[in-house]
Every structure is written in C-alpha cells, then in structure tokens.
Protein chains: 2
Amino acid sequence: MNELIIKGQMAKMASEFLVTAREEEKNRALIAMAEAVYENSDYILKVNEEDIALARQNGLSEGFIERLTLNPLRINAIAKGMTQVAELPDPVGTYISRDKRPNGLEIEKVRVPLGVIGIIYESRPNVTADAAALCLKSGNACILRGGKEALGTNLALVNIMQEALVKEGFPKGCINLVEDTSRETATALMRLNEYLDVIIPRGGAGLIRAVMENATVPAIETGTGNCHVYVDKYADLAMARDIVINAKTSRPSVCNAEEKLLVHSEIAERFLPAMISALHEEGVEVMGDERVCQISSGAKMATEEDWGEEYLSLKIAIKVVDSVDQAIAHINKYGTRHSEAIITENIQASQKFLKEVDAAAVYVNASTRFTDGFEFGFGAEIGISTQKIHARGPMGLTELTTSKYLIKGSGQIRR
Amino acid sequence: MNELIIKGQMAKMASEFLVTAREEEKNRALIAMAEAVYENSDYILKVNEEDIALARQNGLSEGFIERLTLNPLRINAIAKGMTQVAELPDPVGTYISRDKRPNGLEIEKVRVPLGVIGIIYESRPNVTADAAALCLKSGNACILRGGKEALGTNLALVNIMQEALVKEGFPKGCINLVEDTSRETATALMRLNEYLDVIIPRGGAGLIRAVMENATVPAIETGTGNCHVYVDKYADLAMARDIVINAKTSRPSVCNAEEKLLVHSEIAERFLPAMISALHEEGVEVMGDERVCQISSGAKMATEEDWGEEYLSLKIAIKVVDSVDQAIAHINKYGTRHSEAIITENIQASQKFLKEVDAAAVYVNASTRFTDGFEFGFGAEIGISTQKIHARGPMGLTELTTSKYLIKGSGQIRR
C-alpha cells in the first residue's frame with residue numbers, strides 16, 4: 001500500500017512534467033528507451049529465463065510460459081514497437097473545436113493527456129514496454145501492474161526504460177511498476193483515486209470482471225470478444241466459408257476471433273455440410289443447435305452456456321436462424337459488443353445489421369479479425385474497448401487523451 | 001429490486017426501438033411531451049403542492065422546498081426546454097471519421113446512442129423533464145431516480161410524458177422512473193450492469209461520492225466545483241474586481257461559482273482592501289490566510305479545510321501567493337477540476353495557467369460562471385463532467401452518444 005502511495009506521487013509529479021513536454025522531446029525519449037532495451041537484450045533474456053524457470057517449477061502451462069517467454073526476436077519487436085510509437089503523430093495539443101461566442105469569449109477545446117494511467121495485465125512482458133511507450137507519447141505517466149510470474153522481466157524492462165528516460169531529462173516517475181504483486185495491492189490500485197485518472201485492465205475475463213467490480217477509479221473495459229459471423233440467405237457462400245475459416249482459425253486465442261456462426265435456415269442445408277467439413281479440416285471442434293445437428297453429424301449438441309462462452313480456442317458453436325432479425329437478437333443477447341459480421345449481398349440486410357447490432361465494430365463481408373489498432377491505421381493500440389463510454393473499439397493514442405476547454409475573454413461576466 | 005429488473009427490460013427494449021428512430025419522429029415526440037406537460041399544468045401543480053406539504057411536515061429546509069417547488073412559470077420553462085431540445089441538431093448517425101484502408105475495407109466511425117442511461121438526482125423536478133428530453137433526443141432510453149420528496153411530482157411528469165410518447169408511437173419504456181426511492185434500490189441501480197450502459201449522478205458531493213464508490217456501471221462524475229480565480233500581478237484590477245464579484249455572487253449555489261480567490265503578493269495590498277469591501281457589500285463572508293488577515297481586518301482566518309471546501313453560499317476564502325506557479329500548484333492540489341480562471345494581461349502567465357491547470361475549463365480574463373451547456377452553445381446540458389474519461393465539462397447531446405465502427409468489405413480476410 002505504501003508502495004502505491006509513493007509511486008502514485010511519483011507518477012503524479014511526472015504527469016505534471018509530461019503535460020508540458022514537447023513532441024520532439026517525447027520522441028527522443030522513446031527512441032532512447034528502444035535503444036536501451038535493445039542494447040540490454042542479453043540481460044533482459046537472462047532475467048526472463050529465471051522467470052521462466054520459476055514458472056516451470058510452479059507447474060504453469062505451456063501456453064502461459066509461451067506468453068511469458070522473450071527471445072531476441074521478441075525483444076527486437078519490443079524495441080521496434082517503441083520507435084514506431086515515436087513516429088506516430090502526437091494527439092496532445094490538437095484542436096477538437098474552436099468557437100467564438102456572441103459575447104466575445106473564445107472557446108477552444110484541445111486534447112490534453114489523461115494524467116496518470118493505471119494498467120493491470122497478465123504475464124506478457126511486451127505489454128510493459130508497449131503500454132509505457134503509448135502512455136509516454138500521449139503525455140501520460142503510468143503505473144503498471146503486470147502478472148507476478150513476469151515480475152523479474154518487467155522490473156528489468158522498467159529499470160532500463162527509466163534509466164533511458166532520466167538521461168533524456170525526464171523524471172523516472174513517468175513509468176512505474178508495482179512490485180508488490182499481491183491481489184490486495186492490485187485491488188488498492190483500482191481504488192487509488194487520489195493519483196490515478198483512469199485504470200485499464202488488459203487480460204482475461206476474470207481480471208476484467210475484478211476491475212469492473214472493485215474499481216473506484218474510472219475504468220475502461222477491454223477485450224472480451226464473443227464474436228459472431230452471420231451468414232445471410234443472400235450470402236456469397238464461398239466468401240462466407242473463407243471468412244469463417246479466417247475469423248475462426250487465423251488466431252483463435254485473440255479477442256477478435258470468431259466464436260459463433262449463425263446461418264440463415266434457407267441456406268443452411270446447402271452451406272453447412274461443406275462448412276463443417278472445412279472447419280474439421282482445420283482442427284476445429286464444432287458445436288451446433290438442434291437444426292445444425294440434424295443437418296450434419298459432424299456437430300455436437302451445444303448447450304445454453306456455449307452461446308455466451310468465449311472459447312479462445314479451436315472450437316465454434318453454430319446456430320440456424322430464420323431471419324436477420326433473429327440473428328441480430330441473438331447477437332445482442334449473447335455478444336460482448338466487440339466485433340460482429342454479416343455475410344450478405346443484400347443491401348437491406350446489411351443496413352439493418354449495421355444499424356441494429358450493438359457492438360464496437362460491425363462488419364459486412366469481412367473477417368472480424370480486422371478489429372485491431374494496426375489494421376484500423378492507428379499504428380498501435382493499448383487495447384480494444386468493449387464499453388461505450390470514452391472509447392469504443394481499438395484504442396490508439398487519441399483514446400489516451402482527454403479534452404480541456406481553454407476560454408479567453410476580455411473581462412466577460414455572466415449576467 | 002424487482003422493479004429495477006422490469007424497468008431495465010423495458011428500457012432495453014425501448015432503446016432498441018430508439019436506435020432506429022428518425023430525428024423527425026423524435027422531435028415530434030418531444031413536442032408532444034412538451035404540450036402534454038403544458039396542458040396538464042394544473043394537475044402537476046396540484047401533485048407538487050402535496051409533495052411540498054409533506055416536505056414541510058417533515059421539516060425540510062426552505063432551500064430544499066424552493067428547489068422542489070414548481071409554479072406556472074417553471075412548468076412553462078420545462079415545456080419550453082423540451083421544445084428547444086427538439087430544435088437542437090441530432091448527433092446520432094453523424095460521421096466522426098471515414099477511412100478506406102489499403103486492403104479496400106471502408107471504415108466509418110459514426111455516432112450512435114449510448115443505449116440505456118441511468119440518472120440519479122435529488123429533488124428538483126425539472127431534472128426529470130430535462131434529462132428525459134435530452135436522452136430521448138440522443139436516442140437513449142433512461143431510468144430516472146429522483147429524490148424521494150419529489151416522487152409524486154416526478155411520477156406525474158413521467159406519466160404525462162409516457163402517455164404523449166405512446167400516442168406518437170414510441171414505447172413508454174423510453175422514460176422510466178424508479179418508484180422505490182430506498183437507498184438500497186439506488187445502490188442496486190448503480191450496479192444494474194445488465195441493463196444500464198452508463199450512470200450519471202446529478203447532485204451534491206455526497207451523492208456523487210456514493211455513485212463513484214458503489215457503481216459497477218460506468219459512471220460520469222458531475223458537478224462538484226471548488227473553483228478559483230487567480231488575480232495575477234499583471235491583472236487589470238478593475239476587471240479582476242468585477243469578475244470576482246460576478247463569479248462569487250451572481251449565483252453562489254451552483255457548481256461554476258467561485259469559491260476561492262488567489263492574489264499575487266505584489267498587488268495584494270493594493271487590490272485586497274477594496275476587493276474585500278466590495279465582497280462585504282454583497283453580503284459575502286470572507287475568510288483569508290495569514291497574509292490576507294494582515295492586510296485586512298475584514299477577513300477571518302481560514303483553516304486547512306476551507307481550501308478544499310465547496311461552500312455553495314455567499315462565502316469565499318482568499319489566499320496570497322507569490323507566483324503563478326504557486327497559484328497553479330494550489331489549484332491542482334485543492335481544486336475539483338471544474339473551472340479555474342486567471343486574471344492577467346501577461347501572455348506568459350496566461351499561457352502557463354492554461355497549460356498547467358488541470359481542469360475541465362480554464363479561463364483567462366472571464367468569470368468561471370460561463371461553464372454551462374447553454375453558454376458554450378450546446379443548447380442544453382445533462383450536467384458538467386469533472387472526470388476525464390468520456391466527457392469533460394458541459395455535457396450536451398453529443399456527450400450522450402458513443403461511437404460504432406461500420407466496416408464494409410468485399411470478402412477481406414486477415415493474413
């Protein structure tokens with residue numbers, strides 16, 4: 001707890017420095033951070049090996065260890081990511097609106113940093129560097145709280161980045177890592193209203209639920225994706241098959257992967273047998289509702305839980321619906337408001353779907369896998385917001401800012 | 001609790017209707033609501049009298065009763081307010097950005113309603129009509145929970161508005177009033193994540209604290225204003241005096257009123273005696289720090305608590321500072337990030353103040369009283385956000401919307 005107050009104060013002071021930092025200075029700091037990480041690769045890899053050894057001792061899964069593991073390639077990617085952030089345009093100081101009121105007041109609305117951002121994440125050390133770089137570029141100090149298994153690696157990364165920052169004349173409090181990885185301290189961080197302006201959880205559904213339940217600091221919910229593809233009766237069925245395979249299998253562990261397939265009843269018999277075979281060929285386990293199971297013996301009977309579950313693996317559940325309205329109602333009931341797609345050549349169906357589906361990103365004739373800061377052209381992202389306030393969908397640098405009204409008068413008073 | 005679930009479901013269904021409602025339809029409904037309120041003035045006033053009688057019986061203060069009271073003039077203003085909302089441009093469906101990616105995907109970012117908005121407020125019945133109108137125009141269903149002393153009046157208003165809505169073909173679930181005014185039900189409303197997309201408290205510091213502490217629904221903090229005016233050494237002192245009097249006395253009970261006065265030490269002896277006399281003439285109680293008390297016997301010694309307190313009355317605390325930096329540091333420590341003003345003819349001082357003061361609205365040479373949706377040209381406001389995410393400062397119709405990415409492809413898959 002004491003650690004949080006000290007780091008909260010350091011972050012707050014650093015954020016007051018950052019609010020006046022120029023873009024060129026921030027870019028120079030980012031490049032220095034990237035170079036320092038790159039130059040210290042050997043040290044980082046050694047520390048990371050120790051984290052991995054401990055994780056193995058503690059019997060953590062291979063998937064977990066895979067996410068925890070750094071190698072020269074990944075360190076290069078981390079350093080390159082930071083230089084790329086340096087190249088992105090700085091949103092701070094840009095005008096959102098300008099107005100002159102009849103009473104002569106000039107009202108400007110400009111982008112300013114949020115202040116201090118808390119980020120709670122799991123055991124992928126690259127998040128440490130990505131988040132620190134995005135926060136710095138947008139003029140924010142950050143307090144990072146990564147998974148306990150990655151503590152050694154995260155600490156090495158943060159120390160190296162801080163040293164580079166200090167050499168460039170920045171306070172080291174721009175980037176802070178919480179070293180007490182207890183659950184109690186994580187909860188205290190979510191309630192650190194005196195120092196934090198916003199908290200962003202990055203990770204699985206359990207972490208996000210804990211933040212939404214416990215945080216008193218304004219939070220931005222990210223990244224749960226129970227995404228659907230709906231194949232309409234007017235779909236190009238070959239296109240539909242390609243999109244379903246891509247959305248489901250190109251990277252099943254991520255939040256923009258397809259989890260559910262809805263198929264219009266008029267084309268179900270024509271479309272599903274080949275679709276299910278193709279999914280099987282890709283190693284996908286197929287669940288289906290009654291009608292799907294009648295059409296194909298390749299599907300196992302889905303339960304009510306299946307419709308709400310985010311599998312994040314090579315598994316899909318398929319349902320037959322009788323109309324675009326039924327598809328929309330199903331998605332709005334079971335979806336997580338992330339990414340939803342319709343495959344159709346019919347303009348009414350696509351317009352209806354775009355308008356009525358309640359999600360951050362709604363697609364016509366494309367894979368849900370495109371919901372991503374890079375694919376949207378933002379250059380980088382801190383996460384994908386699935387809530388409605390502040391930001392929705394991929395969050396780039398702009399979403400790490402807030403606004404401020406600057407009002408210039410000449411003695412105006414209100415009558 | 002059961003009431004909340006029923007009203008939550010009704011609001012959710014209504015919000016699905018509203019998402020497809022056209023601007024003309026919404027405007028027609030608003031005008032019908034305004035007419036219905038106007039035509040039922042006598043009934044509303046009768047019910048309001050009963051609420052007032054009960055409030056008097058329960059020994060509530062005159063200030064409280066003043067806020068609870070309706071009269072023909074106030075009902076006219078309520079009805080007129082609704083027709084004015086009808087005249088405002090509808091933000092829903094407007095484009096925030098449009099982009100065509102190299103892979104041919106067309107990405108549009110458009111404004112859409114938030115969905116269902118919860119509003120918790122105290123005993124001013126006009127909030128019931130204002131909030132309902134703003135939510136409806138922005139395509140949102142609302143669940144209103146007003147103070148228990150205004151329940152009769154609020155229920156009368158909501159019933160009249162619902163009837164008008166139904167005649168115009170809208171579901172009555174567009175506007176819902178929570179009739180169980182217990183504290184437990186208010187807390188349950190703050191945690192009604194299944195149905196609510198956002199919750200907005202409107203009222204005093206205690207209410208806002210309760211929402212920030214208990215809500216699991218994303219909340220927007222509004223309306224606490226410990227606002228400062230800083231009179232720099234390069235100020236036009238006559239202008240400064242007029243602004244201080246206006247900011248402090250024109251409406252002391254509102255959140256954009258001045259609560260604190262900071263004065264540069266080099267002009268303090270010249271400025272303060274006349275300033276304090278002028279404040280006294282307006283009936284303002286003056287507190288001061290040691291230096292202020294040395295300069296003028298008209299000030300009583302302020303305590304540490306004074307600097308953080310929002311008086312909301314004819315009371316002010318004055319402090320002498322030695323630089324613009326000290327003024328900024330004091331404001332960033334004690335302010336509530338609402339509205340802050342500098343009075344100066346010096347460009348460096350004003351630039352520094354604009355950049356470094358952390359608040360929704362920062363003024364140069366104007367009264368803090370202008371922080372208001374009408375004064376900013378939004379036509380109306382649902383409240384003034386003092387948090388940094390989603391909206392900052394006066395919240396108009398645009399701030400009651402979120403965004404949605406609409407992505408049109410021709411079979412794109414992600415490599």
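# A tour of the two-chain model

Begin with chain A of this predicted model: the C-alpha centres of its domain 1 and domain 2 lie 35 Å apart. To colour these two parts, select 2–221 together with 387–408 of chain A for domain 1, and 227–370 for domain 2.

**The two copies**

Next, show both chains. Two copies of a chain are related by a rotation about an axis and a shift along it. Here a turn of 180 degrees and a shift of 0.0 Å along the axis lay chain B on chain A with an RMSD of 0.1 Å. This is the relation of a two-fold axis. To find the axis from the side of chain B, select His390(B): its C-alpha lies 1.7 Å from the rotation axis, the closest approach of any residue of chain B.

**The contact between the chains**

Now select the residues where the chains touch. Chain A gives 55 residues to the contact, and chain B gives 55 residues. On chain B, the elements that each supply at least two residues to the side touching chain A are helix H9 (205–214), helix H10 (237–249), helix H15 (347–356), strand E13 (361–366) and strand E16 (401–412). E16(B) provides the largest share of that side, with 11 residues. Coloured by residue class, the side of chain B that touches chain A shows 24 nonpolar, 17 polar and 14 charged residues. Of the interface residues of chain B, 100% are also interface residues in chain A, so the copies meet through the same surface.

**A sheet that crosses from chain A to chain B**

Stay with E16(B) and add strand E13 of chain A, residues 361–366. The two strands run parallel and are joined by five bridges. Two pairs can be picked out here. Tyr363(A) has Ile407(B) as its bridge partner in E16(B), and Ala366(A) stands opposite Gln412(B) in E16(B).

Widen the selection to the whole sheet. It is open, has 10 strands and mixed pairing, and follows the order E10(A)-E9(A)-E11(A)-E8(A)-E7(A)-E12(A)-E13(A)-E16(B)-E2(B)-E1(B). At the edges are strand E10 (300–301) of chain A and strand E1 (95–100) of chain B, each of which pairs on one side only.

Then add helix H14 of chain A, residues 324–334. H14 lies across strands E7 (227–231), E8 (258–264), E11 (315–321) and E12 (339–343) of chain A, and runs at about 140 degrees to E11(A).

**Strand E7 in chain B**

Move to chain B and select strand E7, residues 227–231. How many of its five residues are buried? The count is five of five, and the strand is mostly covered. In a regular strand the side chains alternate between the two faces of the sheet. In E7(B), Cys227(B), Val229(B) and Val231(B) are on one side, His228(B) and Tyr230(B) are on the other, and all are buried, which leaves both faces covered. Add strand E8 of chain B, residues 258–264, and five bridges appear between E7(B) and E8(B), paired in the parallel sense. In this pair, His228(B) stands opposite Lys260(B).

**The four-strand sheet of chain A**

Return to chain A for an open sheet of four strands, with parallel pairing and the order E5-E4-E3-E6. Strand E5 (175–177) and strand E6 (198–202) stand at its edges with a single partner strand each, so one side of each has no neighbour in the sheet. From one strand to the next, the twist averages 20 degrees.

At the E5 end, select strand E4 of chain A, residues 141–145. E4(A) and E5(A) pair in the parallel sense over three bridges, and Leu144(A) has Leu177(A) as its bridge partner in E5(A). At the E6 end, select helix H9 of chain A, residues 205–214. This helix lies across strand E3 (116–121) and E6 of chain A, running at about 160 degrees to E6(A).

**Two residues of chain B**

Select Met161(B), which is in helix H7 (residues 151–167) of chain B. Is Met161(B) buried or exposed? It has 28 C-beta neighbours inside 10 Å, so it counts as buried. Beyond residues up to four places away in sequence, Met161(B) touches Met33(B), Ala36(B), Val37(B), Ala132(B) and Ile175(B). From Met161(B) to Ile175(B) the separation is 14 residues in sequence and 8.0 Å between C-alpha atoms.

Last, select Ile6(B), in helix H1 (residues 2–18) of chain B. Ile6(B) counts as exposed because it has 12 C-beta neighbours inside 10 Å. A distance drawn from Ile6(B) to Ala219(B), 213 residues apart in sequence, reads 22 Å from C-alpha to C-alpha.

Definitions and conventions:
Residues numbered from 1 in each chain as written. Chains lettered and ligands numbered in written order. Predicted model: local features only at pLDDT ≥ 70, side-chain atom pairs only at ≥ 80, totals over all residues. Contact = placed C-beta atoms within 7 Å. Nonpolar A, V, L, I, M, F, W, Y, C, P; charged D, E, K, R; others polar. Pairing = 2+ DSSP bridges. Domains from an automatic or database assignment. Least-squares fit on C-alpha atoms with pLDDT ≥ 70 in both. Axes fitted to C-alpha atoms, helices over the stretch in contact; angles between N-to-C directions. Buried ≥ 20, exposed ≤ 12 C-beta atoms within 10 Å, placed from the backbone.
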